[in-house]
Amino acid sequence: MFQVVQSSKMLSNGAVKSLSESERVELGLSLIRKLDRPDDSELRILICTATYFVLDGVTLTIRRLESHLRSHGVTVKILSTVPDNIDPELAKDVIVVPGIKIPFAHAGEYAFGVGLDENTIREMEAYNPNCVHFTVPDFVALDGIRWCQRNNIAYIGTWHSNYIEYLKYYFIEWILGPAFHRYLKGFFEQIPTVYVPTSYMLRKMREEWGYGSATELKEWGRGVDMNMFSPDRRSAQFRASKGFTDQDVVVLWVSRLVPEKRPDIWMQCVKRLQEEGLPVKALVVGNGTFEKYLSKLKYVSCCGWLSGNALGEAYASSDILLFPSDVETFGNVTLEALSSGCPSVVEKKCGDHLVEHGVNGLTCASGDFESFYQATRTLVLDPQLRARMGKKAREGAWKFERNIILQQMAENYKDAIEKHRDPTFLKRHMENPEGRGCNMLSVFCCNYYFIKIIAEPFLNTSKGVQDLVDGTNDCVQMSRSRLSCSHLDRDSDSVADTKDKYIKEKKAKRFSWASLTANCFSPGNCTRTFHLIALLFAVGVIFLFIYMSLTVRR
(Lines give C-alpha, C1' and ligand atoms only; values in the text may rest on other atoms or scores of the structure.)
Protein backbone atom coordinates (compact mmCIF):
# COMPACT_ATOMS: atom_id res chain seq x y z
CA MET A 1 0.00 0.00 0.00
CA PHE A 2 2.82 2.39 0.96
CA GLN A 3 4.60 1.78 -2.34
CA VAL A 4 1.45 2.53 -4.32
CA VAL A 5 0.87 5.83 -2.46
CA GLN A 6 4.53 6.77 -2.81
CA SER A 7 4.51 6.08 -6.56
CA SER A 8 1.33 8.14 -7.00
CA LYS A 9 2.98 11.10 -5.16
CA MET A 10 6.01 10.88 -7.40
CA LEU A 11 3.82 10.90 -10.48
CA SER A 12 1.77 13.83 -9.20
CA ASN A 13 4.81 16.11 -9.26
CA GLY A 14 4.49 16.98 -12.92
CA ALA A 15 5.04 13.51 -14.39
CA VAL A 16 1.35 12.83 -15.00
CA LYS A 17 1.06 15.94 -17.22
CA SER A 18 3.42 14.40 -19.76
CA LEU A 19 1.23 11.28 -20.16
CA SER A 20 -1.39 10.92 -22.86
CA GLU A 21 -5.03 10.46 -21.89
CA SER A 22 -4.97 6.70 -22.60
CA GLU A 23 -1.77 6.33 -20.55
CA ARG A 24 -3.39 8.18 -17.66
CA VAL A 25 -6.37 5.83 -17.79
CA GLU A 26 -4.10 2.80 -17.82
CA LEU A 27 -2.09 4.24 -14.92
CA GLY A 28 -5.26 4.79 -12.92
CA LEU A 29 -6.48 1.27 -13.57
CA SER A 30 -3.07 -0.14 -12.61
CA LEU A 31 -3.12 1.71 -9.29
CA ILE A 32 -6.67 0.52 -8.59
CA ARG A 33 -5.66 -3.08 -9.32
CA LYS A 34 -2.73 -2.84 -6.92
CA LEU A 35 -4.91 -1.39 -4.18
CA ASP A 36 -7.55 -4.05 -4.79
CA ARG A 37 -5.15 -7.00 -4.95
CA PRO A 38 -6.11 -9.67 -2.39
CA ASP A 39 -3.97 -10.21 0.69
CA ASP A 40 -2.78 -13.71 1.57
CA SER A 41 -5.39 -13.90 4.32
CA GLU A 42 -8.17 -13.25 1.79
CA LEU A 43 -7.29 -16.24 -0.35
CA ARG A 44 -9.59 -19.28 -0.19
CA ILE A 45 -7.85 -21.94 -2.29
CA LEU A 46 -9.19 -25.32 -3.38
CA ILE A 47 -6.43 -27.64 -4.63
CA CYS A 48 -7.72 -30.55 -6.73
CA THR A 49 -5.59 -33.67 -6.94
CA ALA A 50 -6.16 -37.38 -7.53
CA THR A 51 -4.67 -39.14 -4.50
CA TYR A 52 -3.63 -36.76 -1.73
CA PHE A 53 -2.88 -39.63 0.65
CA VAL A 54 -0.49 -41.48 -1.69
CA LEU A 55 3.06 -40.16 -1.38
CA ASP A 56 4.53 -39.32 -4.78
CA GLY A 57 6.13 -36.27 -6.35
CA VAL A 58 2.84 -34.51 -7.05
CA THR A 59 1.48 -35.08 -3.55
CA LEU A 60 4.69 -33.93 -1.88
CA THR A 61 4.68 -30.73 -3.92
CA ILE A 62 1.04 -30.09 -3.00
CA ARG A 63 1.64 -30.74 0.68
CA ARG A 64 4.58 -28.36 0.78
CA LEU A 65 2.54 -25.71 -0.98
CA GLU A 66 -0.40 -26.28 1.36
CA SER A 67 1.83 -25.96 4.44
CA HIS A 68 3.39 -22.74 3.16
CA LEU A 69 0.02 -21.18 2.33
CA ARG A 70 -1.43 -22.00 5.74
CA SER A 71 1.62 -20.49 7.46
CA HIS A 72 0.82 -17.23 5.63
CA GLY A 73 -2.82 -17.16 6.69
CA VAL A 74 -4.30 -18.61 3.50
CA THR A 75 -7.40 -20.82 3.83
CA VAL A 76 -6.81 -24.09 1.96
CA LYS A 77 -8.85 -27.20 1.27
CA ILE A 78 -7.99 -30.26 -0.81
CA LEU A 79 -10.32 -32.04 -3.24
CA SER A 80 -9.25 -35.68 -3.59
CA THR A 81 -10.16 -39.34 -3.41
CA VAL A 82 -9.59 -40.83 0.03
CA PRO A 83 -8.64 -44.39 1.08
CA ASP A 84 -11.30 -46.34 2.95
CA ASN A 85 -9.23 -46.70 6.11
CA ILE A 86 -8.11 -43.10 6.47
CA ASP A 87 -8.21 -41.43 9.88
CA PRO A 88 -11.07 -38.85 9.78
CA GLU A 89 -8.83 -36.36 11.57
CA LEU A 90 -6.37 -36.44 8.64
CA ALA A 91 -9.19 -35.75 6.19
CA LYS A 92 -10.82 -32.88 8.04
CA ASP A 93 -9.69 -30.33 5.41
CA VAL A 94 -10.38 -32.63 2.48
CA ILE A 95 -13.46 -32.57 0.28
CA VAL A 96 -13.88 -36.22 -0.62
CA VAL A 97 -14.41 -37.22 -4.24
CA PRO A 98 -15.95 -40.62 -5.03
CA GLY A 99 -13.23 -42.73 -6.59
CA ILE A 100 -12.50 -46.13 -8.05
CA LYS A 101 -9.35 -47.90 -6.88
CA ILE A 102 -6.96 -48.79 -9.67
CA PRO A 103 -7.12 -52.60 -9.55
CA PHE A 104 -3.51 -53.58 -10.11
CA ALA A 105 -1.12 -54.81 -7.45
CA HIS A 106 1.65 -52.29 -8.23
CA ALA A 107 -0.81 -49.37 -8.10
CA GLY A 108 -0.98 -49.42 -4.30
CA GLU A 109 -3.62 -47.00 -3.02
CA TYR A 110 -3.95 -45.08 -6.28
CA ALA A 111 -7.52 -44.34 -7.32
CA PHE A 112 -9.13 -42.08 -9.87
CA GLY A 113 -12.16 -39.90 -9.37
CA VAL A 114 -14.94 -40.27 -11.88
CA GLY A 115 -16.43 -36.80 -11.52
CA LEU A 116 -18.26 -34.52 -9.11
CA ASP A 117 -21.42 -35.90 -7.55
CA GLU A 118 -24.10 -33.76 -5.85
CA ASN A 119 -22.63 -34.10 -2.37
CA THR A 120 -19.16 -33.03 -3.52
CA ILE A 121 -20.59 -30.02 -5.36
CA ARG A 122 -22.54 -28.98 -2.25
CA GLU A 123 -19.33 -29.06 -0.18
CA MET A 124 -17.50 -27.01 -2.80
CA GLU A 125 -20.26 -24.42 -2.85
CA ALA A 126 -20.29 -24.25 0.95
CA TYR A 127 -16.53 -23.68 1.00
CA ASN A 128 -16.83 -21.00 -1.71
CA PRO A 129 -13.20 -20.81 -2.95
CA ASN A 130 -12.00 -17.71 -4.79
CA CYS A 131 -9.42 -19.72 -6.77
CA VAL A 132 -9.27 -23.41 -7.76
CA HIS A 133 -5.95 -25.10 -8.54
CA PHE A 134 -6.03 -28.19 -10.79
CA THR A 135 -2.98 -30.47 -10.57
CA VAL A 136 -4.08 -33.68 -12.35
CA PRO A 137 -5.88 -33.93 -15.73
CA ASP A 138 -8.51 -36.43 -14.62
CA PHE A 139 -12.30 -36.52 -14.99
CA VAL A 140 -12.80 -34.76 -11.64
CA ALA A 141 -10.74 -31.82 -12.89
CA LEU A 142 -12.73 -31.69 -16.14
CA ASP A 143 -15.92 -31.51 -14.10
CA GLY A 144 -14.29 -28.92 -11.84
CA ILE A 145 -13.37 -26.72 -14.79
CA ARG A 146 -17.04 -26.69 -15.87
CA TRP A 147 -18.05 -25.78 -12.32
CA CYS A 148 -15.59 -22.86 -12.24
CA GLN A 149 -16.79 -21.61 -15.62
CA ARG A 150 -20.45 -21.72 -14.58
CA ASN A 151 -19.71 -19.81 -11.38
CA ASN A 152 -17.02 -17.48 -12.77
CA ILE A 153 -14.48 -18.65 -10.20
CA ALA A 154 -10.80 -18.12 -10.94
CA TYR A 155 -8.88 -21.30 -11.77
CA ILE A 156 -5.37 -22.26 -12.80
CA GLY A 157 -3.50 -25.47 -13.61
CA THR A 158 -0.04 -26.88 -12.99
CA TRP A 159 1.79 -29.50 -15.04
CA HIS A 160 3.46 -32.15 -12.87
CA SER A 161 4.05 -35.30 -14.94
CA ASN A 162 5.13 -36.24 -18.47
CA TYR A 163 2.14 -38.49 -18.94
CA ILE A 164 2.77 -39.16 -22.64
CA GLU A 165 6.35 -40.23 -21.97
CA TYR A 166 5.15 -42.83 -19.45
CA LEU A 167 3.22 -44.77 -22.09
CA LYS A 168 6.32 -45.92 -23.98
CA TYR A 169 7.48 -47.87 -20.93
CA TYR A 170 4.24 -49.85 -20.80
CA PHE A 171 4.13 -50.70 -24.55
CA ILE A 172 0.79 -48.95 -25.15
CA GLU A 173 2.08 -45.73 -26.72
CA TRP A 174 1.36 -47.05 -30.22
CA ILE A 175 -2.39 -47.28 -29.60
CA LEU A 176 -3.14 -44.78 -26.84
CA GLY A 177 -0.42 -42.20 -27.51
CA PRO A 178 -2.19 -39.98 -30.11
CA ALA A 179 -5.55 -40.10 -28.32
CA PHE A 180 -4.08 -39.48 -24.88
CA HIS A 181 -2.01 -36.60 -26.22
CA ARG A 182 -5.16 -35.07 -27.71
CA TYR A 183 -7.03 -35.55 -24.45
CA LEU A 184 -4.29 -33.83 -22.42
CA LYS A 185 -4.09 -30.94 -24.86
CA GLY A 186 -7.87 -30.54 -24.77
CA PHE A 187 -7.79 -30.55 -20.97
CA PHE A 188 -5.04 -27.99 -20.41
CA GLU A 189 -6.22 -25.63 -23.16
CA GLN A 190 -9.43 -25.14 -21.14
CA ILE A 191 -7.41 -23.57 -18.30
CA PRO A 192 -6.57 -19.87 -18.86
CA THR A 193 -3.09 -20.18 -17.32
CA VAL A 194 -1.02 -23.35 -16.90
CA TYR A 195 2.23 -23.28 -14.93
CA VAL A 196 4.98 -25.66 -16.03
CA PRO A 197 8.12 -26.38 -13.98
CA THR A 198 10.95 -25.60 -16.41
CA SER A 199 11.71 -23.57 -19.51
CA TYR A 200 12.54 -26.85 -21.28
CA MET A 201 9.04 -28.20 -20.61
CA LEU A 202 7.49 -24.89 -21.65
CA ARG A 203 9.29 -25.00 -25.01
CA LYS A 204 8.45 -28.67 -25.51
CA MET A 205 4.76 -28.12 -24.83
CA ARG A 206 4.57 -25.04 -27.02
CA GLU A 207 6.78 -26.05 -29.94
CA GLU A 208 6.55 -29.86 -30.10
CA TRP A 209 3.10 -30.56 -28.68
CA GLY A 210 1.30 -27.42 -29.91
CA TYR A 211 -0.01 -26.13 -26.57
CA GLY A 212 -0.91 -22.48 -26.19
CA SER A 213 -3.73 -21.82 -28.64
CA ALA A 214 -6.09 -20.94 -25.77
CA THR A 215 -4.06 -21.33 -22.57
CA GLU A 216 -1.18 -19.14 -21.45
CA LEU A 217 1.90 -21.16 -20.46
CA LYS A 218 4.04 -19.78 -17.66
CA GLU A 219 6.92 -21.14 -15.63
CA TRP A 220 6.67 -22.03 -11.95
CA GLY A 221 9.58 -24.04 -10.62
CA ARG A 222 10.01 -26.07 -7.47
CA GLY A 223 11.76 -25.18 -4.26
CA VAL A 224 13.87 -26.98 -1.68
CA ASP A 225 14.14 -26.69 2.09
CA MET A 226 17.79 -25.72 2.45
CA ASN A 227 17.82 -26.61 6.16
CA MET A 228 16.31 -30.05 5.79
CA PHE A 229 18.46 -30.93 2.77
CA SER A 230 21.90 -29.83 3.90
CA PRO A 231 25.44 -31.30 3.93
CA ASP A 232 25.36 -30.79 7.70
CA ARG A 233 23.06 -33.82 7.96
CA ARG A 234 25.80 -36.22 6.81
CA SER A 235 25.93 -38.94 9.45
CA ALA A 236 28.62 -41.55 10.09
CA GLN A 237 26.11 -43.36 12.27
CA PHE A 238 23.61 -43.55 9.40
CA ARG A 239 26.26 -44.93 7.05
CA ALA A 240 27.38 -47.51 9.59
CA SER A 241 23.79 -48.65 10.15
CA LYS A 242 23.56 -49.47 6.45
CA GLY A 243 26.92 -51.26 6.36
CA PHE A 244 28.84 -48.41 4.69
CA THR A 245 32.40 -47.56 5.72
CA ASP A 246 34.22 -44.26 5.25
CA GLN A 247 36.06 -45.74 2.25
CA ASP A 248 32.86 -46.81 0.46
CA VAL A 249 31.38 -44.65 -2.29
CA VAL A 250 27.60 -44.71 -1.84
CA VAL A 251 25.53 -44.39 -5.01
CA LEU A 252 22.01 -43.18 -4.25
CA TRP A 253 18.58 -43.80 -5.81
CA VAL A 254 15.53 -41.80 -4.64
CA SER A 255 12.27 -42.35 -6.50
CA ARG A 256 9.58 -44.85 -7.34
CA LEU A 257 11.04 -48.10 -8.65
CA VAL A 258 9.04 -48.25 -11.86
CA PRO A 259 10.17 -48.74 -15.48
CA GLU A 260 9.80 -45.13 -16.65
CA LYS A 261 12.30 -43.94 -14.02
CA ARG A 262 14.97 -46.25 -15.54
CA PRO A 263 16.09 -48.22 -12.48
CA ASP A 264 17.42 -50.77 -14.97
CA ILE A 265 20.21 -48.36 -15.98
CA TRP A 266 20.97 -47.57 -12.34
CA MET A 267 21.12 -51.26 -11.49
CA GLN A 268 23.43 -52.12 -14.40
CA CYS A 269 25.80 -49.25 -13.55
CA VAL A 270 26.09 -50.24 -9.89
CA LYS A 271 26.57 -53.89 -10.76
CA ARG A 272 29.28 -53.18 -13.33
CA LEU A 273 31.16 -50.83 -10.98
CA GLN A 274 31.12 -53.50 -8.28
CA GLU A 275 32.31 -56.17 -10.72
CA GLU A 276 35.32 -53.95 -11.49
CA GLY A 277 36.26 -54.14 -7.83
CA LEU A 278 35.53 -50.50 -7.06
CA PRO A 279 34.41 -49.70 -3.48
CA VAL A 280 30.82 -49.00 -4.52
CA LYS A 281 27.79 -49.62 -2.34
CA ALA A 282 24.26 -48.44 -2.97
CA LEU A 283 21.33 -46.91 -1.11
CA VAL A 284 17.77 -47.16 -2.47
CA VAL A 285 15.00 -44.89 -1.16
CA GLY A 286 11.60 -45.73 -2.62
CA ASN A 287 9.65 -48.78 -3.63
CA GLY A 288 7.95 -50.29 -6.64
CA THR A 289 8.06 -53.22 -9.02
CA PHE A 290 11.86 -53.12 -9.46
CA GLU A 291 12.58 -53.41 -5.74
CA LYS A 292 12.73 -57.20 -5.90
CA TYR A 293 15.54 -56.97 -8.47
CA LEU A 294 17.56 -54.23 -6.78
CA SER A 295 17.39 -55.92 -3.40
CA LYS A 296 19.23 -58.93 -4.87
CA LEU A 297 22.32 -56.89 -5.73
CA LYS A 298 25.37 -57.05 -3.50
CA TYR A 299 25.88 -54.26 -0.99
CA VAL A 300 22.55 -52.56 -1.67
CA SER A 301 20.48 -51.22 1.22
CA CYS A 302 16.77 -50.69 0.45
CA CYS A 303 15.11 -48.26 2.88
CA GLY A 304 11.60 -47.97 1.42
CA TRP A 305 10.13 -44.47 1.52
CA LEU A 306 11.78 -41.87 3.75
CA SER A 307 10.68 -38.32 4.48
CA GLY A 308 11.67 -35.28 6.50
CA ASN A 309 14.95 -35.38 8.40
CA ALA A 310 15.47 -39.09 7.64
CA LEU A 311 15.40 -38.34 3.90
CA GLY A 312 17.75 -35.39 4.33
CA GLU A 313 20.16 -37.64 6.22
CA ALA A 314 20.06 -40.23 3.42
CA TYR A 315 20.94 -37.61 0.77
CA ALA A 316 23.74 -36.03 2.77
CA SER A 317 25.23 -39.41 3.77
CA SER A 318 25.49 -40.52 0.13
CA ASP A 319 28.27 -39.62 -2.28
CA ILE A 320 26.64 -39.66 -5.75
CA LEU A 321 23.06 -39.42 -6.95
CA LEU A 322 22.59 -41.51 -10.10
CA PHE A 323 19.19 -40.69 -11.60
CA PRO A 324 18.74 -41.74 -15.29
CA SER A 325 15.00 -40.90 -15.54
CA ASP A 326 14.05 -39.02 -18.72
CA VAL A 327 10.43 -38.33 -17.74
CA GLU A 328 11.01 -35.73 -15.00
CA THR A 329 9.17 -32.43 -15.36
CA PHE A 330 11.40 -30.62 -12.87
CA GLY A 331 13.57 -32.98 -10.83
CA ASN A 332 12.78 -32.55 -7.12
CA VAL A 333 15.05 -35.50 -6.36
CA THR A 334 17.98 -33.88 -8.17
CA LEU A 335 17.43 -30.53 -6.44
CA GLU A 336 17.27 -32.15 -3.00
CA ALA A 337 20.51 -34.03 -3.70
CA LEU A 338 22.26 -30.86 -4.87
CA SER A 339 21.06 -28.96 -1.82
CA SER A 340 22.52 -31.78 0.31
CA GLY A 341 25.92 -31.35 -1.36
CA CYS A 342 25.60 -34.59 -3.33
CA PRO A 343 26.88 -34.33 -6.95
CA SER A 344 24.39 -35.77 -9.42
CA VAL A 345 24.50 -37.78 -12.64
CA VAL A 346 21.25 -37.12 -14.50
CA GLU A 347 19.60 -37.21 -17.92
CA LYS A 348 20.51 -34.07 -19.85
CA LYS A 349 17.17 -32.74 -21.14
CA CYS A 350 15.34 -33.22 -17.84
CA GLY A 351 18.21 -32.13 -15.63
CA ASP A 352 20.36 -29.48 -17.27
CA HIS A 353 18.35 -26.64 -15.68
CA LEU A 354 19.69 -27.92 -12.34
CA VAL A 355 22.94 -29.69 -13.18
CA GLU A 356 25.66 -27.79 -15.01
CA HIS A 357 27.78 -30.45 -16.67
CA GLY A 358 31.21 -30.63 -15.08
CA VAL A 359 30.38 -28.06 -12.37
CA ASN A 360 27.94 -29.56 -9.88
CA GLY A 361 27.42 -32.91 -11.58
CA LEU A 362 27.34 -34.64 -14.95
CA THR A 363 24.60 -34.98 -17.57
CA CYS A 364 24.08 -37.85 -20.02
CA ALA A 365 21.95 -38.59 -23.06
CA SER A 366 18.63 -40.33 -22.50
CA GLY A 367 18.91 -44.12 -22.25
CA ASP A 368 22.68 -44.12 -22.85
CA PHE A 369 23.88 -46.73 -20.35
CA GLU A 370 27.55 -46.38 -21.25
CA SER A 371 27.43 -42.62 -20.74
CA PHE A 372 25.79 -42.97 -17.31
CA TYR A 373 28.29 -45.65 -16.36
CA GLN A 374 31.35 -43.64 -17.39
CA ALA A 375 30.07 -40.48 -15.66
CA THR A 376 29.42 -42.36 -12.42
CA ARG A 377 32.78 -44.12 -12.65
CA THR A 378 34.54 -40.77 -13.06
CA LEU A 379 33.05 -39.52 -9.81
CA VAL A 380 33.73 -42.80 -7.98
CA LEU A 381 37.44 -42.63 -8.85
CA ASP A 382 37.95 -38.95 -8.00
CA PRO A 383 37.04 -37.93 -4.41
CA GLN A 384 38.43 -34.40 -4.94
CA LEU A 385 36.11 -33.91 -7.92
CA ARG A 386 33.17 -35.14 -5.83
CA ALA A 387 34.02 -32.69 -3.06
CA ARG A 388 34.40 -29.79 -5.47
CA MET A 389 31.13 -30.57 -7.25
CA GLY A 390 29.33 -31.10 -3.93
CA LYS A 391 30.31 -27.60 -2.80
CA LYS A 392 29.11 -26.05 -6.09
CA ALA A 393 25.89 -28.10 -5.87
CA ARG A 394 25.04 -26.57 -2.49
CA GLU A 395 25.84 -23.05 -3.66
CA GLY A 396 23.71 -23.36 -6.80
CA ALA A 397 20.69 -24.71 -4.92
CA TRP A 398 20.16 -21.48 -2.96
CA LYS A 399 18.35 -19.83 -5.87
CA PHE A 400 15.63 -22.49 -5.47
CA GLU A 401 15.01 -21.71 -1.79
CA ARG A 402 11.54 -23.11 -1.13
CA ASN A 403 9.73 -20.20 0.51
CA ILE A 404 10.44 -17.89 -2.42
CA ILE A 405 9.11 -20.41 -4.95
CA LEU A 406 6.02 -21.33 -2.93
CA GLN A 407 5.07 -17.71 -2.28
CA GLN A 408 5.17 -17.16 -6.02
CA MET A 409 2.23 -19.54 -6.36
CA ALA A 410 0.25 -17.41 -3.89
CA GLU A 411 0.93 -14.48 -6.19
CA ASN A 412 -0.20 -16.58 -9.14
CA TYR A 413 -3.53 -17.17 -7.38
CA LYS A 414 -3.93 -13.42 -6.90
CA ASP A 415 -3.20 -12.82 -10.59
CA ALA A 416 -5.93 -15.29 -11.55
CA ILE A 417 -8.45 -13.67 -9.20
CA GLU A 418 -7.72 -10.24 -10.64
CA LYS A 419 -8.14 -11.49 -14.21
CA HIS A 420 -11.51 -13.08 -13.42
CA ARG A 421 -12.79 -9.80 -11.98
CA ASP A 422 -13.01 -8.65 -15.57
CA PRO A 423 -16.43 -10.02 -16.67
CA THR A 424 -15.16 -10.39 -20.25
CA PHE A 425 -12.01 -12.36 -19.39
CA LEU A 426 -13.56 -15.82 -19.23
CA LYS A 427 -15.82 -15.05 -22.17
CA ARG A 428 -12.80 -14.16 -24.32
CA HIS A 429 -11.01 -17.34 -23.24
CA MET A 430 -13.98 -19.50 -24.16
CA GLU A 431 -14.37 -17.95 -27.59
CA ASN A 432 -11.64 -20.36 -28.63
CA PRO A 433 -13.12 -23.88 -29.19
CA GLU A 434 -10.14 -25.37 -27.36
CA GLY A 435 -10.66 -23.04 -24.43
CA ARG A 436 -14.31 -24.03 -24.36
CA GLY A 437 -13.43 -27.74 -24.41
CA CYS A 438 -15.49 -28.44 -27.49
CA ASN A 439 -14.44 -31.97 -28.30
CA MET A 440 -16.79 -34.91 -28.40
CA LEU A 441 -14.91 -36.65 -25.62
CA SER A 442 -16.05 -34.02 -23.11
CA VAL A 443 -19.64 -35.24 -23.46
CA PHE A 444 -18.62 -38.47 -21.76
CA CYS A 445 -15.66 -37.42 -19.63
CA CYS A 446 -17.65 -34.83 -17.73
CA ASN A 447 -20.62 -37.06 -16.97
CA TYR A 448 -20.18 -38.48 -13.48
CA TYR A 449 -22.89 -41.11 -13.73
CA PHE A 450 -21.86 -42.28 -17.20
CA ILE A 451 -18.26 -42.82 -16.13
CA LYS A 452 -19.28 -44.53 -12.91
CA ILE A 453 -21.68 -46.93 -14.66
CA ILE A 454 -19.18 -47.83 -17.38
CA ALA A 455 -15.91 -47.87 -15.45
CA GLU A 456 -16.83 -49.26 -12.07
CA PRO A 457 -17.80 -52.80 -13.15
CA PHE A 458 -14.37 -53.19 -14.74
CA LEU A 459 -12.17 -51.37 -12.24
CA ASN A 460 -13.70 -51.65 -8.80
CA THR A 461 -11.79 -54.80 -7.83
CA SER A 462 -8.58 -56.47 -8.90
CA LYS A 463 -10.41 -59.76 -9.12
CA GLY A 464 -12.84 -58.47 -11.73
CA VAL A 465 -10.07 -57.28 -14.05
CA GLN A 466 -7.93 -60.33 -13.44
CA ASP A 467 -10.89 -62.58 -14.23
CA LEU A 468 -11.40 -60.63 -17.42
CA VAL A 469 -7.83 -61.26 -18.54
CA ASP A 470 -7.61 -64.86 -17.37
CA GLY A 471 -11.02 -65.81 -18.71
CA THR A 472 -10.32 -64.34 -22.12
CA ASN A 473 -6.96 -66.12 -22.26
CA ASP A 474 -8.68 -69.42 -21.43
CA CYS A 475 -11.26 -68.82 -24.13
CA VAL A 476 -8.72 -67.99 -26.83
CA GLN A 477 -6.28 -70.70 -25.76
CA MET A 478 -9.03 -73.34 -25.91
CA SER A 479 -9.56 -72.53 -29.56
CA ARG A 480 -5.85 -72.26 -30.32
CA SER A 481 -5.19 -75.63 -28.71
CA ARG A 482 -6.69 -77.20 -31.80
CA LEU A 483 -3.51 -76.20 -33.60
CA SER A 484 -1.23 -77.52 -30.88
CA CYS A 485 0.18 -81.01 -30.16
CA SER A 486 1.30 -80.14 -26.66
CA HIS A 487 -1.10 -82.73 -25.21
CA LEU A 488 0.72 -85.61 -26.92
CA ASP A 489 2.89 -87.86 -24.81
CA ARG A 490 6.32 -87.04 -26.18
CA ASP A 491 8.00 -89.63 -24.01
CA SER A 492 6.18 -92.54 -25.64
CA ASP A 493 5.93 -91.22 -29.21
CA SER A 494 8.80 -90.83 -31.61
CA VAL A 495 9.49 -87.49 -33.23
CA ALA A 496 8.14 -88.83 -36.53
CA ASP A 497 4.91 -90.06 -34.93
CA THR A 498 4.48 -86.71 -33.25
CA LYS A 499 4.95 -84.90 -36.55
CA ASP A 500 2.44 -87.16 -38.31
CA LYS A 501 -0.15 -86.67 -35.60
CA TYR A 502 0.40 -82.92 -35.69
CA ILE A 503 -0.18 -82.79 -39.45
CA LYS A 504 -3.34 -84.88 -39.14
CA GLU A 505 -4.64 -82.72 -36.32
CA LYS A 506 -3.92 -79.59 -38.29
CA LYS A 507 -5.78 -80.83 -41.36
CA ALA A 508 -8.74 -82.11 -39.40
CA LYS A 509 -9.12 -79.19 -37.07
CA ARG A 510 -8.08 -75.93 -38.64
CA PHE A 511 -8.74 -72.75 -36.67
CA SER A 512 -11.78 -70.78 -37.70
CA TRP A 513 -14.08 -68.16 -36.22
CA ALA A 514 -16.69 -70.88 -36.16
CA SER A 515 -14.55 -72.96 -33.78
CA LEU A 516 -13.94 -69.90 -31.61
CA THR A 517 -17.68 -69.23 -31.49
CA ALA A 518 -18.44 -72.86 -30.70
CA ASN A 519 -16.05 -72.88 -27.77
CA CYS A 520 -16.82 -69.47 -26.33
CA PHE A 521 -20.55 -69.22 -26.90
CA SER A 522 -21.64 -72.72 -25.98
CA PRO A 523 -24.24 -72.99 -23.16
CA GLY A 524 -21.66 -74.35 -20.71
CA ASN A 525 -19.26 -71.45 -21.17
CA CYS A 526 -21.34 -68.48 -20.04
CA THR A 527 -18.50 -66.97 -18.00
CA ARG A 528 -16.09 -67.09 -20.90
CA THR A 529 -18.76 -65.61 -23.13
CA PHE A 530 -19.16 -62.64 -20.81
CA HIS A 531 -15.39 -62.10 -20.63
CA LEU A 532 -15.01 -62.16 -24.40
CA ILE A 533 -17.87 -59.69 -24.85
CA ALA A 534 -16.35 -57.45 -22.17
CA LEU A 535 -12.96 -57.56 -23.90
CA LEU A 536 -14.46 -56.70 -27.29
CA PHE A 537 -16.42 -53.88 -25.65
CA ALA A 538 -13.23 -52.51 -24.06
CA VAL A 539 -11.46 -52.54 -27.43
CA GLY A 540 -14.43 -50.72 -28.93
CA VAL A 541 -14.28 -48.08 -26.20
CA ILE A 542 -10.56 -47.51 -26.89
CA PHE A 543 -11.20 -46.86 -30.57
CA LEU A 544 -14.18 -44.65 -29.73
CA PHE A 545 -11.90 -42.72 -27.35
CA ILE A 546 -9.40 -42.19 -30.17
CA TYR A 547 -12.09 -41.03 -32.58
CA MET A 548 -13.70 -38.60 -30.15
CA SER A 549 -10.32 -37.22 -29.07
CA LEU A 550 -9.63 -36.18 -32.64
CA THR A 551 -13.08 -34.66 -33.17
CA VAL A 552 -13.70 -31.00 -32.34
CA ARG A 553 -17.20 -29.50 -32.28
CA ARG A 554 -17.23 -25.91 -33.51
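A charge sits over a ring if NZ of Lys or CZ of Arg is within 6 Å of the ring centre and within 35 degrees of the ring normal. With that in hand, here are some close-up views of this predicted model.

**Figure 1. Two arginines sit over tyrosine rings.** Start with R272, which lies over the face of Y373 at 3.8 Å from the ring centre. A second example pairs R63 with Y52: the charged end of the arginine is 4.6 Å from the centre of the tyrosine ring.

**Figure 2. V345 in the largest nonpolar core.** This core holds 58 residues, and W266, L283, Y315 and V345 are those with the most contacts inside it. Zoom in on V345 and, leaving aside residues up to four places away in sequence, you will find it touching I320, L321, L322, F323, L362, C364, F372, A375, T376 and L379. Another core, of 39 residues, lies apart from this one; W159, Y163, I164 and L217 are among its members.

**Figure 3. A buried salt bridge between K185 and E434.** The whole structure contains 22 salt bridges, and here the side chains of K185 and E434 meet at 3.9 Å, N to O. K185 belongs to helix α7 (residues 173–189) and E434 to helix α19 (residues 433–436), so this pair ties together parts that are 249 residues apart in sequence. K185 counts as buried because its relative accessibility is 13%, under the 20% cut-off. E434 is buried too, with a relative accessible area of 15%.

**Figure 4. E260 meets R256 in a salt bridge.** Their side chains come to 3.7 Å, N to O. The two partners differ in burial: E260 is buried at 2% relative accessibility, whereas R256 is partly exposed at 21%.

**Figure 5. E276 and R377 form a salt bridge.** The closest N and O atoms are 3.0 Å apart. E276 sits in the loop between α10 (263–275) and β11 (280–285), while R377 is in helix α15 (residues 369–381), so the bridge ties together parts that are 101 residues apart in sequence. E276 is partly exposed at 38% relative accessibility, and R377 is partly exposed at 28%. For a network view, look to R37, D40, E411, K414, D415 and E418, which are joined by salt bridges that share partners.

**Figure 6. Helix α8 and the glycine that follows.** In α8 (residues 199–208), the buried residues include Y200, M201, L202, K204 and M205. After the helix comes G210, with a positive phi near 80°.

**Figure 7. W209 and Y211 form a tilted aromatic pair.** A search of the whole structure finds 14 aromatic pairs. In this one the ring centres are 6.3 Å apart and the planes meet at 55°, so the pair is tilted. Both rings belong to buried residues: W209 has a relative accessible area of 12% and Y211 has 3%. Ring pairs also link W209 and Y211 with W159, F187 and F188 in a cluster.

**Figure 8. W253 and F323 pair edge-to-face.** Here the distance is 5.6 Å centre to centre, with 75° between the planes. W253 is in strand β10 (residues 249–254) and F323 in strand β13 (residues 320–323); the pair links distant parts of the chain, 70 residues apart. Both W253 and F323 are buried. You have already met F323, as one of the residues that V345 touches.

Conventions. Residues numbered from 1 in each chain as written. Heavy atoms only, no water. Core = buried A, V, L, I, M, F, W, Y, C linked by side-chain atoms within 4.5 Å. Buried < 20%, exposed > 50% of the residue type's maximum accessible area, 1.4 Å probe, protein only. Contact = heavy atoms within 4.5 Å. Salt bridge = Lys/Arg side-chain N within 4 Å of Asp/Glu carboxyl O. Helix = DSSP H or I, 4+ residues; strand = E, 2+ residues; numbered from the N terminus. Phe/Tyr/Trp six-rings, centres within 6.5 Å; stacked < 30°, edge-to-face > 60°.
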